[in-house]
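Biologist: Before I rely on the labels attached to this chain, I should like each of them justified. Please set every value beside its definition.

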Amino acid sequence: MKTKQVFVAGGMPSITYVDRLAQNLEKSLRSEIREGYKVICVTGPTKSGKTVLTRHTLGPERSALVNGGQVEDSDEFWNLLLQDLNLPESETHDGSTEDTIGYRYLVTAQRKASEGEALTFNNRNKKTLLTYLREKDLALVVDDFHYMPEKVQREVIRSLKSEIFEGLCAILIAVPHRAFDAIGVEREMEGRFAHVEIPSWNKGELVEIPKKGFRALNVDVPHETQDVFSEEANGSPLLMQRFCGRLCDHYDIEETQSQSKTFNPSDETLKEIFEVVAKQFGLPTFQKLAKGPQSRAKRLDRMLLNSERSMDIYEAVLAAVANTGPKDKIHYNEIRDELRKILVETDLPQKHEVSSALGHMSGIAKDEIDGEPVVEWADDHLYLTDPFLMFYMRWNQRTLNQASGVNKG
Ligand SMILES: Nc1ncnc2c1ncn2[C@@H]1O[C@H](COP(=O)(O)OP(=O)(O)OP(=O)(O)O)[C@@H](O)[C@H]1O
Ligand SMILES: [Mg+2]
């Protein structure tokens, strides 16, 4: 067994799939699907396992999938759905003539679509498609539903309505703060919505990933290391998968070992792994925040203590935030205290300047960064919500202005 099939960071894990039994996620989702006659919203923070849970619960054969991220207009949605159906060419029919006509239409349409013809859809064709799903007992899954333009979301929900009434199962996957846009746009669907919410991962659940994976590779890694990993993963199974994969890479473990091997990575090795992974995941978000809003006026350069270097206010505030840990909730006073340790006194920003910079960052987080807002500034508190951003700041920013090396804690 290859290591990359064991620790799957970004795809569908099988050996290291964790069912999180205590959370009852699969069970709730399965019950809602069985019950039917509703739109099921699966929500959870970015990379919390929404897609993995839905796919695992449904199995490969039982759904038709549209990826909301690829949809810009309504026809595109229906085209993608049609293409995902994979209609068997030579199916025999014992159904009514109406069924047969619908089926023939679908086969022809799918062939045209695969030849690159852009199809347009009317209510009748849409209904044919949805009826086919319902009759074949296929769930319609729209992943990243929140990426679709609101107009398309509304149109899709509206088209689903009558088929839901007949028993079609539709699953919409979205990030929490956008989950109920769908209900908002079509009030009448209320009462026919179910919500399965994915909570963030605890350490006990995260540590199942290295346990299962290292066992499969016949590799022994001390509990202490696995605990450090679950601490650092900060609620993210994706980070955990990547740490484990990197550790294997460090020891050149490409596949299951014929004889059991034991590794005991040093703090230095772990630090290297964390720094590399931090760059892979949190850097782009950090850079967007650090750049601040576009403005024509040149920002003031603020000199660092004991150094020839300077930073603008966005960089300095983020460095101060990083030096708190970073924590997930930080009061202004803590940021001010950290700024005092970073900048020369004459260049310290005033409270209103810090507040304004953090307000702009909140705006950037809302408008320019996909998914849940990664930072929010409200009532003199800064809230950090993104495990990847926090992880990046922890390993690649926190020590920027500290003479000593990285200490954990
Ligand atoms: N149940 C699980 N067991 C083990 N690893 C998991 C599990 N769920 C998720 N992961 C890990 O996290 C990664 C991200 O999961 P997934 O793509 O399902 O998240 P998501 O919530 O759909 O993310 P996005 O918000 O980007 O759509 C997976 O590729 C896998 O590495
Ligand atoms: Mg997903």
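Modeller: A residue is called buried under 20% relative accessible area, exposed over 50%, and partly exposed in between (1.4 Å probe, protein chains only). This is a predicted model in which local features need pLDDT of at least 70 and side-chain atom pairs count only at pLDDT 80 or more, while totals for chains, interfaces and linings use all residues. Residues are numbered from 1 along each chain as its sequence is written, chains are lettered from A and ligands numbered from 1 in the order in which they are written, and side-chain values use heavy atoms, with hydrogens and water left out.

Biologist: Why is Y251 called partly exposed?

Modeller: The relative accessible area of Y251 is 24%. Partly exposed covers values between the 20% and 50% limits, so Y251 is partly exposed. F263, at 13%, is buried.

Biologist: What makes the pair of Y251 and F263 stacked?

Modeller: Rings of Phe, Tyr and Trp (its six-membered ring) pair if their centres lie within 6.5 Å; planes under 30 degrees apart count as stacked, over 60 as edge-to-face and the rest as tilted. The centres of Y251 and F263 are 4.0 Å apart and their planes stand at 15°, so the pair is stacked. Y251 sits in the loop between α12 and β7 (261-262), and F263 in the loop between β7 and α13, twelve residues apart. Helices (H or I, at least four residues) and strands (E, at least two) are DSSP runs, numbered from the N terminus.

Biologist: Why is the pair of F243 and F274 called edge-to-face?

Modeller: Their ring centres are 4.9 Å apart and their planes meet at 70°, so the pair is edge-to-face. F243 belongs to helix α12 (residues 237-250) and F274 to helix α13 (residues 267-291), so the pair ties together parts 31 residues apart in sequence. F243 is buried at 0%, and F274 is buried at 1%. Both residues are members of one aromatic cluster with F229, F391 and W395.

Biologist: What makes β2 and β5 edge strands?

Modeller: Two strands pair if DSSP finds at least two bridges between them. The open sheet has five strands in the order β2-β3-β4-β1-β5, with parallel pairing. β2 (63-67) and β5 (193-197) each have a single partner strand, so one side of each is left without a neighbour in the sheet.

Biologist: How do you know that β1 pairs with β5?

Modeller: Five bridges join β1 (residues 39-43) to β5, and the two run parallel. Among the residues involved, V42 has V196 as its bridge partner in β5.

Biologist: Which residues of α10 are buried, and how do you know that they share a side?

Modeller: The buried residues of α10 are I209, P210, G213, F214 and L217. Measuring the arc by the directions from the helix axis to the C-beta atoms, they cover only 100°, which puts them on the same side of α10. N218, just after α10, takes a positive phi of about 60°.

Biologist: Which helices have the lowest and the highest mean pLDDT among the elements?

Modeller: pLDDT is the predictor's confidence in each residue, from 0 to 100. The lowest mean, 54, belongs to helix α8 (residues 181-185), and the highest, 98, to helix α10 (residues 208-217). The chain averages 88, with 90% of the residues scoring at least 70.

Biologist: Where does pLDDT stay under 50?

Modeller: That stretch is residues 401-409. Where pLDDT is low, the predicted coordinates should not be read in detail.

How values were computed:
Contact = heavy atoms within 4.5 Å.
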